[in-house]
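Student: Could you take me through one part of this structure in detail? I'd like to look closely at the nonpolar core and the helices around it.

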Amino acid sequence: MERLMQSIKIGINEKIYLKDPESSDLGKRIVEQSILMIHEMGFESFTFRKLGEQIQSNESSVYRYFENKHKLLLYLASWYWGWLEYKMVFATNGIPNPTEKLRRAIEILTQTVKEDVTFSHVNEVLLNKIVINEYSKSYLTKEVDQENKEGYFVIYKRLVQRLHEMISTVDKDYPYPSSLASTILEGSLHQYFLKEHFPNLTDCDDNVTPTQYFTDLVFRTLTPKA
């Protein structure tokens, strides 16, 4: 049975933040400006002091929402994956053919991101660029196992599981659906990174998109059942 998302509000694990940024104008400004600043200066150079100056508020006001900038990055990454999940679920709902449903899901998950006017305080285009460049910093830490136990990565894992189920529906005999699903998500980020920074290491360019590459990869790998 299709697990439709119940609303367009992106639900984030409450342990990631101290106060829900969606609950106030200041919180939304913190999210909005942090995306702009991290994209411009990089995560390493970004600080809550600089963010406070940008939003014309005390640095301490930012700490009322997030314990540290690592938690803020986890929040932004979780929001991004939740938004992609929302897009994928609604784009594929009602497609009866499993192969076409998987094809559409791959398209949603790997295509070039466009801004979604539904969420006025989040620039999804810039957030996508942050996830491409900075997402690995949210989990390549000593605390990753404990944070995983506390559910910090539940949205990403749920998205992988949804894709896993679509892959298995197309080819129930394929033995590695989770590996393939996570390869699509992580690999898409990597191909966009290579395309921008190391173009000689990828075949993706202005003519070949990551969507084309992963669609070809998946359907050369699977054996769809009639």
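Tutor: Happy to! Within the 66 residues of the largest nonpolar core, the members that touch the most others are Tyr 75, Trp 79, Trp 81, Trp 83, Leu 102 and Leu 163. Eight helices each supply at least two residues of this core: α1 (25–41), α2 (48–54), α4 (69–92), α5 (98–110), α6 (124–134), α8 (154–170), α9 (177–197) and α10 (210–221). The largest share, 13 residues, is from α4.

A few terms before we go on. A nonpolar core here is a set of buried Ala, Val, Leu, Ile, Met, Phe, Trp, Tyr and Cys residues joined through side-chain atoms within 4.5 Å. Buried means under 20% relative accessible area, exposed over 50%, and partly exposed in between, using a 1.4 Å probe and protein chains only. Helices are DSSP runs (H or I, at least four residues), numbered from the N terminus.

This is a predicted model, in which local features need pLDDT of at least 70 and side-chain atom pairs count only at pLDDT 80 or more, while totals for chains, interfaces and linings use all residues. Residues are numbered from 1 along each chain as its sequence is written, and side-chain values use heavy atoms, with hydrogens and water left out.

Now for α4 itself. Of its 24 residues, 20 are buried, so the helix is mostly covered. Its end C-alpha atoms lie 34 Å apart, which agrees with the 34 Å that 24 residues should span at 1.5 Å a residue; the expected span is 1.5 Å times one less than the number of residues. At its start, a side-chain oxygen of Asn 68 comes to within 3.1 Å of the backbone nitrogen of His 70. Just after α4, Gly 94 has a positive phi of about 90°. Leaving aside residues up to four places away in sequence, Trp 83 touches Ile 10, Val 113, Lys 114, Asp 116, Phe 119 and Glu 124, where contact means heavy atoms within 4.5 Å.

Next comes α5. Its buried residues are Thr 99, Lys 101, Leu 102, Ala 105, Ile 106, Ile 108, Leu 109 and Thr 110, and what covers them includes α4, α8, α9 and α10. For its 13 residues, the span should be 18 Å at 1.5 Å a residue, and the end C-alpha atoms are indeed 18 Å apart. At the start of α5, a side-chain oxygen of Asn 97 reaches to within 2.9 Å of the backbone nitrogen of Thr 99.

Definitions and conventions: A polar contact is a pair of N or O atoms within 3.5 Å; within protein, one must be able to donate a hydrogen and the other to accept it, and residues adjacent in sequence count only if both atoms are side-chain atoms.
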